[in-house]
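Biologist: I'm new to reading protein models. Could you walk me through this one, feature by feature?

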Amino acid sequence: MYSSQFLDLAISTAAECLEDPRLTPFGAVVVRNGEVLSVGVSSVIRDNNPVAHAEVNAIQSACRVLDSYLLTDCDLYCSGFPCPLCLSAARWAEVKQVYYAASLEDSAEFGFLDQKFYYDLARQDWSAGSEFPVLAGSSTQRAQGREVISRWKNMRNSS
Ligand SMILES: [Zn+2]
């Protein structure tokens, strides 16, 4: 259930990032049953970690708190609309609801690429000539990669 105080906390966390040049201006909060489980800042530069976005950091911390890879009873509050990475992380964690303050258009206005990445994903152009090519291996390698996944599924079904 939405509570504006948690979105306020995400925003104030983002604002605190302005005091450290190694942080970028985003904050995120994971909440369960009205209780803050974790607060994350965007520490990509400080940590030399391209996936250390505020939302990912908050999700990882909350998972450690709960000792679980799922956050099914939790909400995620973000100072800005999450990028595809963070929204995917929220979905993998089965977060119940995501709330945001600044829009994708707002962050794009100041040079952040979140909105562009969504457009790129929607276009699904992974061909060799595209801006960000993602290329398949050989058909044999596809079969081998598929076989590993298939074996995993069969092991899960038989246990
Ligand atoms: Zn992100």
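**Reading the model step by step**

Modeller: Let's start with one residue: Asn 33 is exposed, because there are 9 other C-beta atoms within 10 Å. Keep in mind that this is a predicted model.

Biologist: Where is Asn 33 found?

Modeller: Asn 33 sits in the loop between β1 and β2. Those two strands make a hairpin with two residues between them.

Biologist: And what should I look for in the backbone there?

Modeller: Check phi. Most residues other than glycine have a negative phi. Asn 33 isn't a glycine, yet its phi is positive, at about 50 degrees. Gln 124 is another non-glycine with a positive phi of about 50 degrees. You'll find Gln 124 in the loop between α6 (114–123) and α7, and Gln 124 counts as exposed because it has 9 C-beta neighbours inside 10 Å. Asp 67, just after α3, takes a positive phi too, of about 55 degrees.

Biologist: Let's zoom out. How many helices and strands does the chain have?

Modeller: There are seven helices and four strands. Going from the N terminus, the order is α-β-β-α-α-β-α-β-α-α-α. The C-alpha atoms fill a box of roughly 50 × 45 × 30 Å along the principal axes. Of the 159 residues in the chain, 30% are buried.

Biologist: Does a record tell us anything about the chain?

Modeller: An unreviewed UniProt entry carries the annotation "domain: CMP/dCMP-type deaminase" for residues 2–125. In the model, that span is 44% helix and 24% strand, and its end C-alpha atoms lie 36 Å apart.

Biologist: How do I read a sheet? In what order do the strands lie?

Modeller: Read across the strands, and note who pairs with whom. Here you get an open sheet of four strands, ordered β2-β1-β3-β4, with mixed pairing. The edges are β2 and β4 (97–102), each pairing on one side only. On average, neighbouring strands are turned by 15 degrees against each other, ignoring direction.

Biologist: In which sense do β1 and β2 pair, parallel or antiparallel?

Modeller: Antiparallel, over seven bridges. To see one bridge up close, find Val 29, whose partner in β2 is Val 39. β1 and β3 also pair in the antiparallel sense, over five bridges. There, Ala 28 stands opposite Cys 78 in β3.

Biologist: β2 is an edge strand, so to speak on the rim. How many of its residues are buried?

Modeller: Six of its eight residues are buried, which leaves β2 mostly covered.

Biologist: Now helices. How do I tell which side faces inward?

Modeller: Use the repeat: an α-helix has 3.6 residues a turn, so residues three or four places apart point the same way. Take helix α1 (residues 4–16), which lies across β1, β2, β3 and β4 and runs at about 150 degrees to β1. Its buried residues are Phe 6, Leu 7, Ala 10, Ile 11, Thr 13 and Ala 14. Seen down the axis of α1, these fall within an arc of 155 degrees, so they line one face of the helix.

Biologist: What covers the buried residues of α1, and what is on the face turned away?

Modeller: The cover includes β1, β2, β3 and β4. The face turned away carries the exposed residues Ser 4, Gln 5 and Ala 15.

Biologist: How can I check the length of a helix?

Modeller: Compare its span with what you'd expect at 1.5 Å a residue. For the 13 residues of α1 that should be 18 Å, and the end C-alpha atoms are 18 Å apart, so the two agree. Helix α3 (residues 54–66) also has 13 residues, and it reaches 18 Å, close to the expected 18 Å.

Biologist: Which residues of α3 are buried, and what do they pack against?

Modeller: The buried ones are Ala 54, Glu 55, Val 56, Asn 57, Ala 58, Ile 59 and Ala 62. They pack against β1 (24–32), β2 (35–42), β3 (74–80) and α4 (84–92).

Biologist: One last try: is Met 155 buried or exposed?

Modeller: Met 155 lies in helix α7 (residues 139–158). Met 155 counts as exposed because it has 9 C-beta neighbours inside 10 Å, and the cut-off for exposed is 12 or fewer. The C-alpha atoms of Met 155 and Val 65 are separated by 30 Å.

How values were computed
Residues numbered from 1 in each chain as written. Predicted model: local features only at pLDDT ≥ 70, side-chain atom pairs only at ≥ 80, totals over all residues. Expected span 1.5 Å × (residues − 1). Buried ≥ 20, exposed ≤ 12 C-beta atoms within 10 Å, placed from the backbone. Contact = placed C-beta atoms within 7 Å. Pairing = 2+ DSSP bridges. UniProt positions renumbered as here; feature names shortened; annotations may be inferred. Axes fitted to C-alpha atoms, helices over the stretch in contact; angles between N-to-C directions. Arc of directions from axis to C-beta.
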